[in-house]
Amino acid sequence: MFPVMLTSLTNAVAAYSNASRMATPAVGMEPPPLDNKPEASFSSALESVTRSAIGTVKKSEQLSAMAAIGRADLTDVVNAVTNAEVTLQTVTAVRDKVITAYQEIMRMPI
C-alpha cells in the first residue's frame, strides 16, 4: 500500500511544485507596486497559500518515507497523509472554481 501512496503523493508534490512555479511571476513581470502600504496583495496571498499547501504535502511524503524505514510513528504518518489529502482536495476545488469563473467571464458578451 505504501508504494502506491508514495507514488500518488510524489505526483501531488510535483503538481504543487508546478502550481507554485506558475504562481510566481517571471523576473521583470512583477506588477508595479500601487503604493508603499504593507497590505498583502492577492498574488502574495495566493503564493503564501500555495507554499503552505506544498509544505503540507512535502511533510506528508517525508513522514511516509520515514515510516517505510521504521523511523516514524504511524499516527503521525496517518495525520500527515490526511492533512495532505484535505489540502489536495481543497486546492482541486479552488482550481475548479477558478476555471469555472474564467469560463463564465469568457462567455460574457462584450
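## Two helices side by side

Student: How far does helix α2 reach from its first C-alpha to its last?
Tutor: Keep in mind that we are looking at a predicted model. Helix α2 covers residues 42-68, which gives it 27 residues. At 1.5 Å a residue, a span of 39 Å is expected, and the helix comes close to that with a reach of 39 Å.

Student: And how far does helix α3 reach from its first C-alpha to its last?
Tutor: You can treat it in the same way. Helix α3 covers residues 74-107 and has 34 residues. The expected span at 1.5 Å a residue is 50 Å, and the helix is close to it, reaching 49 Å.

Student: What pattern does the protein chain follow along the sequence?
Tutor: Start with the elements: the chain has three helices and zero strands. Reading along the sequence therefore meets helices, numbered from the N terminus. The pattern is α-α-α.

Student: Which residue just after α2 takes a positive phi?
Tutor: Helix α2 covers residues 42-68, so look just past its end. The phi there is about 85°, and the residue is Gly70.

Student: At roughly what angle do the axes of α2 and α3 cross?
Tutor: The two helices meet through many residues: Ala53, Ser60 and Leu63 are among those in α2, and Val77, Ala84 and Val91 are among those in α3. Their axes come within 8 Å, and the crossing is left-handed. The angle is roughly 150°.

Student: Which helix gives the most to the largest nonpolar core?
Tutor: This core has five residues in all: Leu63, Ala67, Val77, Ala80 and Val81. Both α2 and α3 supply at least two of them. With three residues, the biggest giver is α3.

Student: Leaving aside neighbours within four places in sequence, which residues is Leu63 in contact with?
Tutor: Leu63 is one of the buried residues of α2, and Val77 and Ala80 are among the buried residues of α3. Two of its partners are these α3 residues, and the full set is Ala72, Asp76, Val77 and Ala80.

Student: Why is Val86 called partly exposed?
Tutor: Val86 is found in helix α3. Buried means under 20% relative accessible area and exposed means over 50%, so partly exposed lies in between. Val86 fits that middle range because its relative accessible area is 45%.

Student: How far apart in space are Val86 and Ala53, C-alpha to C-alpha?
Tutor: Ala53 is among the buried residues of α2, while Val86 is in α3. Along the sequence they are 33 residues apart. In space, the distance is 9.8 Å.

Student: What percentage of the residues in the protein chain is buried?
Tutor: The chain exposes about 8600 Å², and carbon and sulfur atoms supply 64% of that area. Out of 110 residues, the buried share is 16%.

Note on methods:
Residues numbered from 1 in each chain as written. Predicted model: local features only at pLDDT ≥ 70, side-chain atom pairs only at ≥ 80, totals over all residues. Heavy atoms only, no water. Helix = DSSP H or I, 4+ residues; strand = E, 2+ residues; numbered from the N terminus. Buried < 20%, exposed > 50% of the residue type's maximum accessible area, 1.4 Å probe, protein only. Areas by Shrake-Rupley, 256 points an atom, 1.4 Å probe, with all protein chains shown as cover. Expected span 1.5 Å × (residues − 1). Core = buried A, V, L, I, M, F, W, Y, C linked by side-chain atoms within 4.5 Å. Contact = heavy atoms within 4.5 Å. Axes fitted to C-alpha atoms, helices over the stretch in contact; angles between N-to-C directions. Left-handed = near helix turned anticlockwise from the far one by under 90°.
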